[in-house]
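This report describes the overall architecture of one protein chain. The sequence and the model are shown first, and the description follows.

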Amino acid sequence: MCGIIGVVGDTDTVSTLLSGLERLEYRGYDSAGVALVRPGETWRARCADGTESVAALRRACDEAPAGFRSGIGHTRWATHGAPEAINAHPHLDCSGHVAIIHNGIIENHTELQEGLEARGHVFTSVTDSEVLAHLIEEARGRGLDLLDAVRDALGVVRGAFALAAMDATESDVIVAARRISPLVVGTAAGVTYLASDVPAILDRASAFYAVNDDEVVRLGPEGFRAVDLEGAPVRLRQLAIDWDLETAEKGGHDDFMTKEILEQPDALRATLLDRRRPDGSITFDELRVSDDELRAVKRVVLVAAGTSHHAALVAKYAIERWARLSVEVDIASEYRYRDPVVEVGTLVIGVSQSGETIDTIQAVREAKRRGARVVGIANIVDSSLAREADAVIYTRAGLEVSVASTKSFVAQVAALELLALRLAQLRQTLAESEIDALVRGLGAVGTLVEKALGRRDEVAALALALLDARDFFFLGRHVGFPTALEGALKLKEISYRHAEGYPAGELKHGPLALIEPGVVVVAVATDLALHEKLLSNLAEVKARGATVVAVATDDDETIDSVADYVLRVPATEPMFSPMVDVVALQLFAYAMARGLGRNVDRPRNLAKTVTVE
Ligand code: F6R
């Protein structure tokens, strides 16, 4: 989730790059760097000072010689390689002439690096990105200009990228390219810019253009031209941007919550990228627990709070079903104080978006003190959870600003389900063909989430119709239960309406007494295996006067008999359904909250990161 900026033809290159990086700092703050290029000379500065990286870079740039008209800059969110200066971008080739910055993941970097090293290239970082500099160097050596050299390099890489490359032997040119990771080009008189996000260049450029997947752009002071990977010319779509800086930071949306809900397909794809080796084995580069240690696991305990706790509950179903391991899920603040039993072979997984939630950190510490092996699932690199745990898997959802967690939930479920499949692979509780099908299915969830997001208007219309309702029960069975809990949490925290999540089968053990006309029951009804039972539960609440809203799959024809309103979502493998179904519930909560005039990004009484007990 790094930030990228570039400029050609500027008289104030350093300050353009630094002010852009300051605005991009939220995308990643492990380290920051710039490279300035002019004929025959590349000047580079990189700093890895955590949240102070850009400030440190500003001081380092005081040493920059004057007169550079072109350069590139980067703020890093580490995926491969520790957050250290040697891994900070820009990376250089062996000659020191080619400089690159990259956001994304090069999936086949290991084999590419082996080949490059065999041909004499020397690597100076532990990143997946550096291969790009050396691949471009080789293509330049074959006489290709920078544009063709970048196209040539991209012909052999797999993965996601927004990249920019410069070469001191062809200065005043930046070549940029995109696949999955965002990239925009900006123009002004005699100066051309590129950035991962509009805010970085908002006050400098006067026109903005979107780069699409698999397009390569050559930027010069006089403007730009774009081609596809085969070299055929393409036209970039001009963006109609009349945003102020605040709107720009929200990606043009009214609030961060909308931006983050819409970012979920990308969050999923980024979290799942580069998690499989060529032999099919599932891998987590950052997970420093050996296969033998994972094989020896006898019991899994997940600890988390709030939305992360709901993602952990989904993982219980997946780990038990696929890896046949006994799983317990605990609210982090309860685990710590209840004298938990930690036997040999207990794997404790702490789940936290921020990686700073005090309850989760303390629970993880307690588990470690009692001898458990601890894995963290965190979104923020180098957060306390990442440091306290023996090993960490990063969800790569990007910064979440809105207090209500949205994209973190889907990214956490994806990471945890992939870990469940890794455990199944090591324990041989699923056949390789089943694992293969499930990993592929997981990879397709992003597209289903996109489809669910496409139904925003229908969901909003329903929320507005129910605006006066004050009591909501969210019901589900199997993984529909944690999804229901998450739907209820979203609604209560941003709309301030009373909402409870229950396992549908539990309702008749007490809460049914609360059902009366005016109460809305929202059912997560996408699991067809348990459909009949859920339909009976809904008939029970309908008979007592509740208004029934069901989240159901497109092909479900039976649901209309019990539901007053149906929110349709695409069907998927049941274990993946929380990532799709939750979208309808997030959109519902959002539309209710907006309809009621709430501040969705900053709900009353709540904080994004809870560091008090
Ligand atoms: C709900 C929400 C909170 C967090 C909880 C844990 O929308 O945001 O419930 O999920 O405070 O936070 P992390 O995941 O940072 O540990």
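## Domain organisation

The model is predicted. Its protein chain is divided into three parts: domain 1 covers residues 3–247, domain 2 covers 250–443, and domain 3 covers 455–595.

Between the C-alpha centres of domain 1 and domain 2 the distance is 31 Å. To the contact between these two, domain 1 contributes 18 residues and domain 2 contributes 16 residues.

## Secondary structure and overall dimensions

The protein chain contains 25 strands and 20 helices. Measured out along the principal axes, its C-alpha trace spans about 80 × 55 × 45 Å.

How does the radius of gyration relate to that of a compact globule? Because the protein chain has 613 residues, a value near 25 Å would be expected for a compact globule, and the 25 Å found for the chain agrees with this.

## Burial and contacts

Of the 613 residues in the protein chain, 60% are buried, that is, under 20% relative accessible area. Among contacts in the protein chain with a separation of 6 or more, 70% join residues that are 24 or more positions apart.

## Surface and charge

The area exposed by the protein chain is about 22,500 Å², of which 48% is supplied by carbon and sulfur atoms.

Charged side chains in the protein chain comprise 90 negative and 65 positive ones. The centres of these two sets lie 3 Å apart.

Methods: Residues are numbered from 1 along each chain as its sequence is written. Side-chain values use heavy atoms; hydrogens and water are left out. Helices (H or I, at least four residues) and strands (E, at least two) are DSSP runs, numbered from the N terminus. The radius of gyration is taken over C-alpha atoms; the globule rule is 2.2 Å times the number of residues to the power 0.38. Buried means under 20% relative accessible area, exposed over 50%, partly exposed in between (1.4 Å probe, protein chains only). Contact means heavy atoms within 4.5 Å. Accessible areas come from the Shrake-Rupley method with a 1.4 Å probe; for residues, only the protein chains shown count as cover. Lys and Arg count as positive and Asp and Glu as negative; His and the chain ends are not counted. The place of a charge is taken as NZ of Lys, CZ of Arg, CG of Asp or CD of Glu. Domain bounds come from an automatic or database domain assignment.
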